[in-house]
Structure formats: structure tokens, C-alpha cells
2 protein chains.
Amino acid sequence: MVTITDVAHRAGVSMKTVSRVLNNEAHVRPAVREKVQSAVAALGYRPNLAARQLAGHKSFIIGYPFNNPSAAYVTDILLGAARACRDRGYHLVSEPVDLLENAVEIIDRLISTLRPDGMILIPPLAEIPAVIDQIEKAGLPLVRIAGSVEGYGEALRIDDADIARQMVAHLAEQGHRRIAFIRPPAHHSQAASRFDGYCAGLSAAGIAFDPGIVVDGAFDVESGMAAARTLLDLPEPPTAIFASNDQMALGALRVAHQRKLDVPGDVAIAGFDDLPASAFAWPPLTTVRQPIEALGACAARILLGEAPDDAALTHQLILRESTLSPTA
Amino acid sequence: MVTITDVAHRAGVSMKTVSRVLNNEAHVRPAVREKVQSAVAALGYRPNLAARQLAGHKSFIIGYPFNNPSAAYVTDILLGAARACRDRGYHLVSEPVDLLENAVEIIDRLISTLRPDGMILIPPLAEIPAVIDQIEKAGLPLVRIAGSVEGYGEALRIDDADIARQMVAHLAEQGHRRIAFIRPPAHHSQAASRFDGYCAGLSAAGIAFDPGIVVDGAFDVESGMAAARTLLDLPEPPTAIFASNDQMALGALRVAHQRKLDVPGDVAIAGFDDLPASAFAWPPLTTVRQPIEALGACAARILLGEAPDDAALTHQLILRESTLSPTA
DNA sequence: CCGATAATTGGCAGCGCTGTCATAAACAAC
DNA sequence: GTTGTTTATGACAGCGCTGCCAATTATCGG
């Protein structure tokens, strides 16, 4: 194993100078800096994380505990954050939290054995006051993604309203005037603005808001099915259903199949989240893709003291056949 | 921060004795051991990983680099492995490898900065000789999951043949006699035995093997669609299609929809893998669930020197409506 | 009861790095 | 030229733990 002293010998400087170069500290002449860098490259030297952590006050580790909301979400955040970390010499340690009751215990162990330099939290962990308190009490920088809790400051999030508005505009463009909405559950604060966007989209298209075709959902397939039945049983059923998440949209799609309705001919269906399953559905589901990976990268950058790149954080409308009539 | 000396003082023993208790070494009297353990508990002491790693030869870290085959697979392995690690004081560090070309470089960095005690590899990384060589050259214990490469010994895997045989038995039980099979791509060694199981199932049910209803697939939706078209265009089309993975089964399902065929009335469809999308499909897809999480846990146990629990490693037939006629 | 052996415990160096402080060299101001 | 100030570099302790070895105490056979 190559150590810092090997590099120092080869470069003809002291250990300390090598350390300064590695940590980008000032007070090193450019010529010396280069000599050290080429010695590092020649020997393939990599600083030992454990030693750096023990000697200094940084661990070069970011903790990422998660409780499984959805595999795709977890890995997308992981991908974004881990890449951002890697580019800066950091490592991301993910730790599954099976039961929310164990969260504090597990995170406590993570903090005290690994001494991470920061933490990234996603829902539902990002919404648990005890967990937030614990991390702040440990003095660790924390970035919470998409979880907002009364009295706990701002979380990193993107506003869903505008893209929801765009979805309604898209449906209106396809000729729909009766556009139903399946609402998110009340406790889900992030998603609440999807309803605001729906309303904004209606008024932009000059369509009157009709409370009769707005029903409550619970973000699961069953509630989507129930909502779709309610809507399609109306004397004057909607010609388009915009569900506030994909699971409910897939539920609505299932009801349409059961009733032998043509999608999008008889009823167009749109969702929100772009689950992997949505691309496989028949017909493939029009939905909204969140920039999840970019969110993860952004969270990591904030922790590492960089300015986040807000421009990358934009939703994307994914138009598929569940709203696009083949003739269009 | 509580250190080992604090515990030593409180327990009235030397640092070294505390270390012995923590590492479960011999030569400590039960009474002393208990005294130390209660001091640890009272102070909430947790050994500092970095210090342990620097002083000893263990890092208590298992590396898990991955290149995204599917989010669900990656996280299931992660969950199983991370839990097994945690129960034994280890931590799992996952590292995404965006491009396979960078794999060696990224894994090299992981090894030399973190000095993990072992590595877990899943496909496709588990099948790259350069990566395997690299890890073995570093002297790290390695468990490869489900990837087998000529000349590189055995990987951790479960035989798919028996469950494929069961699937055919299930279809035969539903009255099918013409059961088509969409084969896995030739290079995918693990899946090859699915075909063997298919053949075994046929002969067990007393059905003659008909090469005319076995077509090649490429494990993606498009090849599933193509295969289904070929099969359904036959003068005497099959009444059931068993695809060797879910993506191809979903492709077949899509073709059935396009042709307004009733599933499973006109044609039953079954897959293999239990993708999340398969439960959301219409009709929900009959498939095979692999014990992925158990595989991850098993891999970790092997690395940590325990006997793997083979009993937990069994496939599961997931029967859903794509093969179960409502009347049945 | 004695020496021999085994079990138990402690002392201390040192893992590879960074923080602190000392020192040397370069430069500025007068 | 002298003093003060800044810049560049090195020496060395020590982070918290484990490995090695020594010291001490218990156990045993005869």
C-alpha cells in the first residue's frame, strides 16, 4: 500500500506538504504542487480514508439512511448523490431502515461509528421530527429532500404546480373540456400543489372548475380504481382523468380495461411520477417525470458547500399513448 | 464523544480488555466481560470505525459497486446485504458505476480509499473478468451473485430450472397443451436453465416438445412483442406463452391487447422475475419471484464467514390473473 | 506444596494522516 | 542594511483503536 510518506519521498518534500497539496491548501508553490501531483499519479497513491478521518475532523462520508418508499426513487437519489460525492472524493453510505421505529437507533449507530460529514434524508424519514432533531443535535449538516414538517425549516424541493398546469394544458390541447382530477392525500404536503396546478391549468384553458369531477385519492392503486369508478359512473363522465400519482392512474387504467373502454379514445388518463410500470402499461401512461437524480446530486452539492444547480431541477412532461390519440 | 478509555475507566479495566470484549476475544473472565458490557451500555459507547480500521486489519466495510440493471434488483440486494451487515457491526458502501468502462477505475478507488473487507458483485459487473481479477488481486473476499464466467469459479446462484418446471405444471393444470416459450438470450447463463425447466415441465405433463412454438428473445419488451407476434400468427397458435422474463411477457401482453385478445381466455401469459410493473399490468402477470433480498443477505453472510442459509433461497410462483381464468 | 503450564490482564507502540507550531526564506518598508 | 511581515515548508504529537509481548494470577499433576 502506498502511503503519504512514499509520495513525500518521491517528490522530495515533507509529508505535510503532500497533505497540503491533497487538501488544496494555500501556501504551496506551483512548482512544488506539480511535483507532488506527479508523484501521486506515478505511484497511484490514494489517501487512506480512515487515517484522514482519525487525524482530521472530516470523514469524507455522507450518510443516506432510507426507508423504502420505492426502489426507483431510492436508487435515483442514490445515483445522483453518489456521483456528486465521488467527484469530490466523498463516499455515500446508504443504510436501510427497515422499520421506522428503529430509525433513531439505526441512524445513531451510523453517526457514531462512521462520523459522517453530513446526511441526506428522503421521505418518510425526512418528515420525522425525532430523526431531524437527532441529526441536528449531532451537529451534522442535513439536507432533507421533499419532506416538509411544521417548524423544521425548508426542505429541498421543486414546485409541482407548474408542471401540473402544463399537464392540464396538454389535455386541453387534445380537445378535452371535462378533465377530472384525483387528489393526493391531504397529509402529503409536496403533492398538494399538484391540485393548485390543476386549477391554474383549467383557468388558463378557460375551463370552469367543477368540484363534481374532483375526487380524493390515497396514492395507491385501489383508491385510483375507486375514484375512476366514481368518475365514470357520473351521468356526464369526464373525458380525461388526471391522477395526482401514477399508482392511482394505473388503477384508473385498470378500471377502464375492466369496462372495455378505449384509452385514450373514451377516456384519456394521465399520472404523475413516471413509475417504471407506467412505461410498461397498456397503453403506456402519460405522466410527469421528476428530476430525482438531479435532486440527489443537488442535495450532495449543498452538503459539500457548493451552490446547487437549480436549472437542472425541472420536471418533464412524458407524453405517451394514454393521452395521445393515434390519429393526433 | 465517548472513547474506549472512558469505558475502560468506568469498568475499572484497561483499554485493551475493553477491546477484547468488543471483539469477542477469548481470555476474559465472564464477570469482567459483563462489567465492560454494562459500562459500554451506560455510556452509549460505539467504537470509532476509522480508528479500528487504522489500528487493526479490518475495516468493517463491505463494498457493493453496481451498474444499474434494475432499481428493484439493486435495492433488494442492498437491503438484504445491508441488514446482514448491520447485525454484525459491518457497513455496506454502495457505489454506482455509471459506465462499465469506468468500473475498474471506480472500484480501484473504492478499494484503496475504503479498504473494504469484502465485495459483493451483481451482474453485469459480476461477469466482467477485469473486475473480478482486480478484486482478487487486491486479496479481497468476493461473492458474485448470479454471474457466471468461464474460468472464474462458481457464483452464488439458485437454479431456475425447477421453478420453470413448476410454472409449466401450473399452465398444464389450467388445461393448456400448447405452451409456447420465449427463450432467454444465449449469453445469459443463469437464465439458460429456465429452458431446461420448461422442457422438464412439458415431459412431466406428458406434452410433446414442439420446437415450432419456442422462439428466441432478447429480454426486452420489443423482442417479447416480436416473439408474441410470431407465435400468434402461427396457423395453430399456442394457448399459453411462457416468457423467460417479465419484460418479454409484458411485451407479449401488449401484443395481445393490440389484437384485442382476451388474457387469459384467448392466450395465457406468464413471465419470470416479478418486476414491480408486473403487478400493475392488466391483467396482473403471473410470474416467478426470485428471493433477491435473501440472496443479498446470503452474500453478506458468506463474506462474514458464516454458513449461508440455503433454505431461504427458494423461488416463489406468483399466480395472478394473466394465467388464472376468472371462472377457475 | 512446588514447578510447569495455561488463563487473564495490562503496557505500549504505531496504523496513516492532519493540526499546531516552529523555522526558514522571501519580500516590503524605512 | 535593518526590522517587520508574509509566504513556504517541515517537525512532531496524537486522533482511537488493535497487535504484540510482558506480567500477573489461577490451575494442575505428582
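Visitor: What makes up the contact between chain A and chain B?
Guide: In the contact, chain B supplies 38 residues and chain A supplies 36 residues; two residues are in contact if their C-beta atoms, placed from the backbone, lie within 7 Å. This is a predicted model, where local features need pLDDT of at least 70, side-chain atom pairs count only at pLDDT 80 or more, and totals for chains, interfaces and linings use all residues. Residues are numbered from 1 along each chain as its sequence is written, with chains lettered from A and ligands numbered from 1 in the order in which they are written.

Visitor: Which element gives the most to the side of chain B that touches chain A?
Guide: That is α5(B), with eight residues. Helices are DSSP runs of H or I with at least four residues, strands are runs of E with at least two, and both are numbered from the N terminus.

Visitor: How do you know how chain A and chain B are related?
Guide: Chain B superposes on chain A by a rotation of 180° with 0.0 Å of shift along its axis, RMSD 0.1 Å. The fit is by least squares on the C-alpha atoms of residues with pLDDT of at least 70 in both. The two copies are therefore related as by a two-fold rotation axis. The same surface serves both, as 95% of the contact residues of chain B recur in chain A.

Visitor: Which residues come nearest to DNA strand C?
Guide: They are I4(A), S19(A), A55(A), G56(A) and S14(B), out of 28 residues around the strand. A residue is near a strand if its C-beta atom, placed from the backbone, lies within 6 Å of it.
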